[in-house]
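New to this one? Here's a quick briefing to read alongside the structure.

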Amino acid sequence: MNEPDPVDVDRIIRGARAEGRGMLDLWEARNVISGLGVPMDHAELAGSREEALKAAARIGYPVVMKIVSPDVVHKTEVGGVKINLPDNREVGAAFDAMMSSVRQKLPGARVKGVLIEEMVRGTELIIGSSCDPQFGRMLMFGMGGVFVEVYKDVSFRLVPIAAFDAGEMIEEIRGKAILDGARGYPKADREQIIRILLKVSEGFRKHTDIEALDINPLMVTERGIVAVDARVILGDAGKGCPV
Amino acid sequence: MDGPGDHPLRDFFQPESVAVIGASSKPGKVGYAIMSNLVLGAEGQLGGGFHGKVYPVNPSGGEIFRHRTFSSIKQIPGRVDLAVIAVPAASVLEVLDECAAKGIKAVVMISSGFSESGPDGKERERLAVEKARSHGMRILGPNCLGVINTSNRLNTTFAKKAPPRGPISFVSQSGAICTAVIEYSQEEYMGFANFVSIGNKCDLDDADIIDYYARDPETKCISIYMESAKNGRRFYESLKKVVPKKPVVILKAGRTATGAKAASSHTGALAGSDIAYTAAIQEAGAIRARTMLELFDFSRALAYQPPVMGDGIAILSNAGGPAVIAADVAFDLGLPLSDLSDETIGKIDRVCPPTWNHGNPVDVIGDADLARYTAVLDILIKAPEVHGIITIVGPQAVMDLGEVSRAIVELSGTTTKPFCASLVGVVSRASEGYLDEHGIPEMEVPERPVRAMKALYHRGLYLRRRGLR
């Protein structure tokens with residue numbers, strides 16, 4: 001996994017600012033999250049159909065394809081996510097379909113390319129950060145997917161957190177039995193979750209330009225925990241979060 | 001621990017002299033009630049009035065409670081540490097100027113008609129703060145009852161009664177909650193060290209008061225009623241500093257959208273989201289009460305009893321139904337009951353009839369006499385797997401409530417394990433008072449001592465997890 005590189009994170013943020021953007025594209029967001037020290041799944045940025053095919057071959061089938069554009073907020077709404085692509089024929093077809101769908105649904109969107117990503121299966125977790133007008137930076141942890149949407153099974157703390165805060169956040173989740181391997185779910189390494197929460201807390205505190213970030217999902221797999229998707233939003237320059 | 005001697009808020013709690021601006025000799029006036037509380041002491045305030053000097057100020061002159069009334073602040077001969085302002089809002093700014101000229105640095109603004117009452121009041125409040133800042137003066141209020149300190153009997157309020165002396169220090173954004181707590185404290189033997197009605201928080205806010213309480217040696221437990229913090233992050237930081245030293249119970253109202261709307265019209269303050277308050281309270285290690293009853297019960301338990309320093313408590317009862325209710329509530333709250341060891345069960349076997357339930361809750365059966373009840377209590381106190389005990393007594397002809405209460409108090413003195421109690425259905429009798437007076441929180445329904453014990457468990461968990469004990 002990439003070692004955290006704070007210089008890189010700042011450079012990415014400056015790059016987006018220079019273009020007057022408040023939202024990072026998926027590739028930038030992945031690099032920021034990775035730069036904070038959070039392990040990511042394998043993925044490559046492909047600028048063309050040909051590059052997409054090559055990247056898929058390197059990563060190994062099946063793969064996931066996601067649109068990389070600073071103008072796309074919700075990837076699925078513009079047909080910007082295709083999962084479980086089994087071979088090069090499907091990757092080629094998906095690329096063509098994705099490009100025409102995005103052009104049609106969001107004309108004029110800047111498209112950097114597509115992300116070709118390994119297909120990761122496991123239990124979905126979520127880490128999010130946000131800003132409260134009174135209390136400042138906050139960190140959220142919980143069960144992802146349907147659990148966060150329907151049950152709101154999440155826990156919040158103010159940034160920065162200590163290791164036992166991270167431990168308590170995990171304890172407060174109703175679905176924590178799933179993390180311990182209930183009913184055949186992969187057992188999550190709690191220490192690794194704690195380490196990731198601490199890295200996000202520290203990164204969020206340090207990089208004050210970041211107003212909100214989401215790691216959704218953070219996936220518990222048989223081989224460990226990896227971030228699979230990321231979103232990073234920059235605050236208004238100089239305004240940002242009160243603390 | 002640092003004493004409060006050099007604390008910036010010292011003059012609000014330990015002044016040697018107090019001026020009451022707007023003092024009145026007419027019963028029914030706020031300025032009369034304040035004078036009466038300061039000079040004579042409020043109802044329930046043992047030993048009379050304030051230890052220091054009291055200077056009534058009113059242009060009409062004369063005497064109030066045999067104290068010479070000064071027509072203006074500047075005519076007061078000596079130094080004044082604290083000014084209590086109870087004049088109409090329109091005159092307050094002028095009075096602040098006079099206070100500044102006298103060198104007064106601490107002001108309690110009882111008067112209303114400020115940010116709680118529209119744009120004119122808001123502007124008046126802004127000007128008052130500006131004036132105070134320029135003179136290095138601090139303001140408590142406006143729109144508040146001010147301060148009660150039970151050790152020197154300072155009482156700037158116009159409340160009818162004062163709470164008994166004790167280890168709890170309270171700060172409330174609502175004056176009505178203050179007076180309700182005072183009423184309750186006299187029925188339920190809740191003692192207070194300090195009492196602050198904080199009003200609009202134009203200058204001093206919860207964080208400042210908490211900081212003072214942290215250093216006050218009389219204060220063992222801090223209780224807070226709030227609807228909004230003036231500065232959420234600062235409130236959190238001050239909590240985080242005090243909780244390692246003293247337990248803090250917070251009733252933060254306005255949890256729901258409906259409640260928050262009521263709160264914003266009440267205080268006119270910007271509230272953070274309830275998620276943020278919850279996170280801040282948990283992260284700081286404070287305990288959140290959701291109702292007034294929880295605020296009372298948690299505060300009593302934390303002020304008078306030690307924390308639960310292990311995972312498991314015992315419920316001892318001579319009454320089946322109440323024990324079952326208690327066990328259910330413990331489960332709901334995540335308060336673990338001890339798995340009694342074979343050794344403990346063997347010991348209880350020797351003093352109970354064979355039909356006892358052999359489990360926890362320990363039901364010593366309705367025909368239990370004092371000897372059986374206390375023998376089992378002693379066994380539980382000595383059991384290493386038991387870290388706290390809830391004693392439930394259903395009134396019976398075979399066991400005298402007064403005797404069992406005395407026995408519980410006596411045995412509780414042999415251990416550092418915490419006790420909470422219920423004499424089920426018993427309201428206001430000597431036996432109930434005996435437990436409370438001796439620091440064992442007693443409630444008339446079995447679920448309440450369980451909740452109180454949960455607060456002690458929470459405190460113990462906080463201390464253990466952070467290696468503080």
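How far apart do the C-alpha centres of domain 1 of chain B and domain 2 of chain B lie? They lie 38 Å apart. Keep in mind as you look around that this is a predicted model.

**Chain B and its two domains**

- The domain assignment splits chain B into domain 1, covering 10–301, and domain 2, covering 306–465.
- Where these two meet, domain 1 of chain B puts in 10 residues and domain 2 of chain B puts in 15 residues.
- If you want one element to look for on the domain 1 side of chain B, pick helix α10 (residues 292–304) of chain B, which gives the most to the side touching domain 2, with five residues.
- Sorted by class, that domain 1 side of chain B has five nonpolar, one polar and four charged residues.

**Chain A as a whole**

- Chain A has eight helices and 10 strands.
- Its radius of gyration is 18 Å, close to the 18 Å that the globule rule gives for 243 residues, so chain A is as compact as a globular protein of that length.
- Picture a box of roughly 50 × 50 × 35 Å along the principal axes: that's what the C-alpha atoms of chain A fill.
- Out of the 243 residues in chain A, 44% count as buried.
- Take the contacts in chain A with a separation of 6 or more, and 63% of them come from residues 24 or more positions apart.

**Chain A and its two domains**

- Chain A is also assigned two domains: domain 1 comes in two stretches (1–41 + 120–243), while domain 2 is 42–119.
- The C-alpha centres of domain 1 of chain A and domain 2 of chain A are 24 Å apart.
- Their contact draws nine residues from domain 1 of chain A and 13 residues from domain 2 of chain A.
- On the domain 1 side of that contact in chain A, you'll find four nonpolar and five charged residues, but no polar ones.

**Where the chains meet**

- Between the two chains, the contact takes 13 residues from chain A and 14 residues from chain B.
- On the chain A side, the elements that give two or more residues are β6 (136–143), β7 (154–158) and α6 (163–171) of chain A.
- The top contributor to that chain A side is β7(A), with three residues.
- By class, the side of chain A that touches chain B breaks down into eight nonpolar, two polar and three charged residues.

Key
Residues numbered from 1 in each chain as written. Chains lettered and ligands numbered in written order. Predicted model: local features only at pLDDT ≥ 70, side-chain atom pairs only at ≥ 80, totals over all residues. Domains from an automatic or database assignment. Contact = placed C-beta atoms within 7 Å. Nonpolar A, V, L, I, M, F, W, Y, C, P; charged D, E, K, R; others polar. Helix = DSSP H or I, 4+ residues; strand = E, 2+ residues; numbered from the N terminus. Rg over C-alpha atoms; globule rule 2.2 N^0.38 Å. Buried ≥ 20, exposed ≤ 12 C-beta atoms within 10 Å, placed from the backbone.
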